[in-house]
Amino acid sequence: MTENFTIVAENIKNRRTIKPFMMNGHKIPNGHIAAILELADWAPTHGYTEPWRFVVYEDATQFCAAHANIYRENTSDVDQNDTVANNLLHQGDKASHVIIAIMKRGKLPKIPAFEEIAATSCAVQNLLLGATALNIASYWGTGGMALKPAMKAYLGLGEEDHVVGVLYLGYADVHPEGQRTIPIEQKVSWVK
């Protein structure tokens with residue numbers, strides 16, 4: 001094993017999902033956000049479509065207020081839940097930044113949409129690994145209105161574009177231990 005492999009392996013193994021309420025409210029320098037977005041831009045891409053797009057909120061609470069309003073405006077009175085609306089409103093209270101990860105459908109119809117979503121997910125993983133290397137806590141969420149047509153409309157997305165996730169970034173005082181519940185031997189089949 002090389003030193004580079006060891007550094008990469010440690011970073012991958014140390015990446016954790018840290019929910020926004022576990023963050024401490026300290027601000028991340030915008031330069032660090034720009035640096036991890038540059039790493040995201042190096043994701044693999046079929047046909048050089050580079051389908052990832054990111055909307056960055058420097059004030060996480062600004063997105064959360066919009067998210068709660070989208071929920072209220074697009075959920076019937078019968079289905080509306082004040083607890084859900086309140087959770088959406090306050091989800092980023094301790095986060096520094098929110099980044100919306102979007103798959104912008106490319107102009108090459110021969111490339112399946114699945115590949116564009118996979119490429120965008122790789123870009124998100126690059127971003128998360130960069131965040132880990134900078135000791136930035138991260139949470140990749142798809143709850144609330146994130147995957148609903150109303151969020152696509154709010155973001156001005158096209159019919160074939162998709163929100164891939166809402167990324168909450170911040171600092172945390174506690175980082176949980178990693179674990180895997182299924183042994184690797186049950187996930188891998190070697191063919192000889």
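This report describes the fold of one predicted chain, from its overall dimensions to selected residues.

The model is predicted, so local features need pLDDT of at least 70 and side-chain atom pairs count only at pLDDT 80 or more, while totals for chains, interfaces and linings use all residues. Residues are numbered from 1 along each chain as its sequence is written, and side-chain values use heavy atoms, with hydrogens and water left out.

## Overall form

The chain holds six helices and four strands. Helices (H or I, at least four residues) and strands (E, at least two) are DSSP runs, numbered from the N terminus. Starting at the N terminus, the order of elements is α-α-β-α-α-β-α-β-α-β.

The radius of gyration is 18 Å, which agrees with the value near 16 Å for a compact globule of 192 residues. This radius is taken over C-alpha atoms, and the globule rule is 2.2 Å times the number of residues to the power 0.38. Along the principal axes, the C-alpha atoms fill a box of roughly 60 × 45 × 35 Å.

Of the 192 residues, 38% are buried. Buried means under 20% relative accessible area, exposed means over 50%, and partly exposed lies in between (1.4 Å probe, protein chains only). The chain exposes about 11,700 Å², with 55% of it supplied by carbon and sulfur atoms. Accessible areas come from the Shrake-Rupley method with a 1.4 Å probe; for residues, only the protein chains shown count as cover.

Contact means heavy atoms within 4.5 Å. Among contacts in the chain with a separation of 6 or more, 81% join residues 24 or more positions apart.

## The sheet

The four strands form an open antiparallel sheet, ordered β1-β2-β4-β3. Two strands pair if DSSP finds at least two bridges between them. The edges belong to β1 (52-57) and β3 (137-141); each has a single partner strand, so one side of each lacks a neighbour in the sheet. Neighbouring strands are turned by 20° against each other on average, direction ignored. Axes here are lines fitted to C-alpha atoms, for helices over the stretch in contact, and angles run from 0 to 180 degrees between N-to-C directions.

Seven bridges join β2 to β4 in the antiparallel sense. In that region, Met103 stands opposite His162 in β4. Five bridges link β3 to β4 (residues 162-170), again antiparallel. Here Ala137 faces Gly170 of β4, and Trp140 stands opposite Leu167 of β4. Eight of the nine residues of β4 are buried, so this strand is largely enclosed by the rest of the structure.

## Helix packing

Helix α5 (residues 113-133) packs on the sheet and touches β1, β2 (97-103), β3 and β4. The direction of α5 makes about 155° with that of β2.

Helix α5 also meets helix α1 (residues 3-14): their axes come within 9 Å and cross at roughly 100°. The two helices are therefore roughly perpendicular, a label for angles of 65 to 115 degrees; under 35 counts as roughly parallel, over 145 as roughly antiparallel, and the rest as oblique. Asn11, Ile12 and Asn14 of α1 meet Leu129, Thr132 and Ala133 of α5.

## Selected residues

Four residues show the range of surroundings.

| Residue | Location | Relative accessible area |
|---|---|---|
| Ile100 | strand β2 | 1%, buried |
| His67 | helix α3 (residues 60-74) | 2%, buried |
| Asn135 | loop between α5 and β3 | 46%, partly exposed |
| Tyr48 | loop between α2 (30-40) and β1 | 70%, exposed |

Neighbours within four places in sequence are left aside for the contacts of Ile100. Its partners then include Arg53, Phe54, Val55 and Tyr57, and also Phe63, Leu155, Val163, Gly165 and Val166. Ile100 and Gln186 lie 86 residues apart in sequence and 34 Å apart in space, C-alpha to C-alpha.

With the same exclusion of neighbours within four places, His67 is in contact with Leu88, Gly143, Gly144, Met145, Ala146, Met151 and Tyr168.

The two loop residues have unusual backbone angles for their type. Tyr48 has a positive phi of about 55° although it is not a glycine. Asn135, also not a glycine, has a positive phi of about 60°.
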